[in-house]
Amino acid sequence: MRIQLNKIFQADSIAIVSDFDGPQAPGYLLMKHLAQGGFKGKVFAVALSGKAPGGATYERLQALPQRVSLVVICHEPSVWLEQVQACVDLGIGGIAFLSPGINPEHEQFHTEKQAALALARKYQLRVLGPNSFGFIAPHQRLNASFWHKMPLPGKLALISQSGALLRSILDWSGEQRVGFSYVVGPGGMDDISMADLIDYLGTDSHTACVLIYLENLKNARRFMSAARAFARYKPIIVLKAGRTEEGVQAAYSHTASLLNNDSAYDAAFRRVGIIRVNTVSQLFNIAQALAKQPRPRGPGLSIVSNGGGPGVLATDYLTRNGGKLSLFSQRTQESLKQILGTDTLPGHPVDLQGPFSEAQYAEVLKTCLYDEGTDGLLAIFSPQHPEEAVLAAQTLVKSVAKSGKPILAAWMGESEVKAARDILDQGGIPEYRFPESAVDVFLRMYQYSRDLEMLYETPPAIPQDFEPDREKAQSIIQRALAAGKTLLNASETKSLLACYRIPVTPERFCQNEEEVLAAGQAIGYPVVLKLMTPDAVHKTEIGGVQLHLNDENALQQAFRKMQAKVETRLANATIDGYLVEKMVYKTFEILLGAKKDPIFGPVIVVGRGGVATEVFRDTQAGLPPLNMALAQRLLEGTRMYPLLQGYRGMPGGNINELDFLLCRFAYLAMDFPQFKELEINPLMADSQGLMVVDAFAVLDPEAPAHQQGQYPHLVISPYPGAKYSKTVLLKSGEVVNLRPIRAEDEPALARMLQGASNDSLYMRFFGYIPKINHAWMTRFTHIDYDREMAIVAEVSRGAGRELVGTVRIIEDTWRESAEYAIFIADHVQGKGLGGIMTDYILDIARDRKIKKVVATVLPTNTAMIKLFEKRGFSIDRSDMEGYEVELLMVNG
């Protein structure tokens, strides 16, 4: 599939299909831009009207003297189907629809577009567009776009869903001398998607960073998978338009009012390591910094300024936005005092008031930078004259080379500091006109580091085996939908929660006073009385909740008062009955909710709960599935987290138990696509445990029913244990469990490799004996199940479990091939496990519709060669350093 995309983005010959009716016609402009850009390939004009610019002109594609790589169609949709058919007949692999001025909402456009795209898909032609701005590949001198200048070649790839913004950025980039590897205006993305572009650019040698202006997203799951695959190595920076509160007014729940689509985008971007920015300037500021400087390892920024005001402004921006000033050690403070010749310890930011020498400036910079609490350095300079600015810039460049920490600069002014900025730029130090811009870059670089750290963090093991009662939960949902109900009350929702071992208050559903009083007696005082009506989700707002009922008399009075209110103020409401619950006294009220987002599916929100949830607005959003580490990061992102830890002598909550409950709640939300909204509020918490006090759910009757092990409504593939697990028997009679690997397996996998012989490691890693640490191990344990599958072999050892083997297939982007690898622990070699695991992973490859499986094997690894031969692999023995093996798959 990459070969087909190469036919577009690395085309060596192009045909332009257009009318060419005048010098401003799209086809005419494209011919001009290709020529002016210096494109070396052949360009043919196909003029359907018979009129074209000078040179050879053809009236149809079939008349061309050669087969071209790419056909660019700049014409009304009425000719699209015919032109696609011509491309099919001629064996042309790439098409771009560059058709400005066409209304995509027009019914005729939709019909003709669908017919043309259906034909292209049938014959696996890749299509850019429709309504594409075109693309530019500066390294190939290829400008097949509506922009008239060839940008400088560079390492940045730019994708924009707005042609107007793309033109503005390209104009700006010429003045700023910013270079690009590719510039793409993808248009409607009905075939080549944002995920395709990320996959393509992620494997492009000219591209070091991908910048995206995003308005909408199709196929979010593929986008997330592609972004995760490359964000660790090539930063992906997104400017997402449309931060709106649309739909909040119609929401039932606190969750929905706090969680809009923009919050879902934030959660999605964090989950895969995408850097989100709010302005075009931030887009390029952060790209420039990441290209020139290492990422910070912590949030501590040291600020050195030659003026008080700029340093204070930088500090204010830093602390307001979640950063912090570096906390200098006593040794650093004493050193600064000596360098500056002052009687008192210097403050922070370090303010170099008065005259200072080049040597003093250099020593101050190095002392601050190499303090152990410093994660990055910002040098701010406001010069008195240009020579001073140049000298300071030269000093900065010389003083901080190869420090391993990010260095940023803010040389304030314009003409007076122009020469100094050139020195900083040439010295690899990102420079900004204002301190706040530099601080913003530092914070986003740190957040990027944090997100990647979270992405590859090894989570603690789940505290205990967890197996929900999915069948019972399914029956509750089916009964409600069969009865025409879409709003589940507290009692019904708590029954669902209990299926996932989420603790709920003891309760009884009642219809009259006698039943209410009997319930109070059975549950035990104190109790709570709640009115059950689908016409009021937030019952406290109508007086439908009575708390702290300590005896039968209090309960009776509360019931009669509530009944009177029903008769007078809620005469037209539907009253299902009354709920009597045990009164729970715990320190914290927590909101835990889920909402179905139209793009990303279920989104989880957690934070401060209770009736004032919208007032505090202290929540964090994340995407399921969750593990213990991801749940912990969500909690840490709330302002209430320090309280949950315990604050100033006040006991905290049981955070480990809360993390586990978050994981179970996420599984409930993702197991049933029928949930439109699901909310627990409040979840009461203290150091002794957790208890759900109130909850409700909103169902979507149009959603498909849950199918065990299948999650098409999720954008992150969950752990496929139910689908790809089985038990096998070795020749020795030993029972082995085969299951997909998970991030929690890192310690066990490391122990297996550490216990292996050098010969075994040599056969697997071709002579390279790896350093078995976390950074290296994450390559094997933290996988995207949509792109890779790894199976581990697990055996019982006393009260614990041991890993004795692993086999994996790593797929290419389009599942055309997958690379196979296997490792078997020394003490189980020769017992048939290697063959069993190979057969199983090949079955999985067939199930995933992979076309071929490839591997490399050392010529001395005779046992592995025999295994391949027995299974029908072809073996290329031409390279004595490693045989290449291949198996063409037969997929049913």
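The sulfur of Cys663 sits 18 Å from the closest cysteine sulfur, that of Cys499, so the two are too far apart for a bond. Looking from the other end gives a matching picture: for Cys499, the closest cysteine sulfur is in Cys663, at 18 Å, again too far. Since a disulfide needs sulfurs within 2.5 Å, it fits that a search of the whole structure turns up 0 disulfides. Both cysteines are tucked away, though: Cys663 counts as buried at 3% relative accessibility, and Cys499 is buried too, with a relative accessible area of 6%.

All of this rests on a predicted model, so a word on confidence is in order. The mean pLDDT of the protein is 90, and 95% of its residues reach 70 or more. Among the elements, strand E7 (residues 134-137) has the highest mean pLDDT, at 97, while helix H8 (residues 254-258) has the lowest, at 56. Over residues 246-252, pLDDT stays under 50, and the model has 10 contacts beyond four places in sequence for this stretch. Where pLDDT is low, the predicted coordinates should not be read in detail.

Strand E36 (residues 852-857) makes a good stop for a newcomer. Its side chains take turns: Val853, Ala855 and Val857 point to one face and are buried, whereas Lys852, Val854 and Thr856 point to the other and are not. That is the usual pattern, because side chains in a regular strand alternate between the two faces of the sheet. E36 also has partners. Strand E35 (residues 817-824) runs parallel to E36 and is joined to it by 3 bridges, with Ser817 standing opposite Lys852. Between E36 and strand E38 (residues 883-888) the pairing is antiparallel and spans 6 bridges; here Val853 faces Leu887 of E38. Helix H28 (residues 833-847) comes into the story as well, as E35, H28 and E36 make up a right-handed β-α-β unit.

Next comes helix H27 (residues 774-781). Its buried residues are Trp776, Met777, Thr778, Phe780 and Thr781. What do these buried residues of H27 pack against? Their partners are helix H25 (746-754), helix H26 (758-765) and strand E34 (800-811).

A few single residues round off the tour. His75 belongs to the loop between strand E4 (70-73) and helix H3 (80-90). With a relative accessible area of 14%, His75 is under the 20% cut-off and therefore counts as buried. The side chain of His75 makes a polar contact, at 3.1 Å, with the side chain of Asp19.

Gly646 is another loop residue, found between helix H23 (641-645) and helix H24 (655-671). Gly646 is partly exposed, its relative accessible area being 31%. Setting aside neighbours within four places in sequence, Gly646 is in contact with Pro651 and Gly652. As for Asp686, it lies 40 residues from Gly646 in sequence, and the C-alpha atoms of the two are 9.9 Å apart in space.

Gln360, by contrast, is part of a helix, H13 (residues 358-369). Gln360 is partly exposed, with a relative accessible area of 23%. Not counting residues up to four places away in sequence, Gln360 touches Ile339 and Leu340. Gly341 is 19 residues from Gln360 along the chain, with 9.8 Å between their C-alpha atoms.

Methods. Residues are numbered from 1 along each chain as its sequence is written. This is a predicted model: local features need pLDDT of at least 70, side-chain atom pairs count only at pLDDT 80 or more; totals for chains, interfaces and linings use all residues. Side-chain values use heavy atoms; hydrogens and water are left out. Helices (H or I, at least four residues) and strands (E, at least two) are DSSP runs, numbered from the N terminus. Buried means under 20% relative accessible area, exposed over 50%, partly exposed in between (1.4 Å probe, protein chains only). A polar contact is a pair of N or O atoms within 3.5 Å; within protein, one must be able to donate a hydrogen and the other to accept it, and residues adjacent in sequence count only if both atoms are side-chain atoms. Two strands pair if DSSP finds at least two bridges between them. A crossover is right-handed if, with the strands pointing away from the viewer, the path from the first strand over the helix to the second runs clockwise. pLDDT is the predictor's confidence in each residue, from 0 to 100. Contact means heavy atoms within 4.5 Å.
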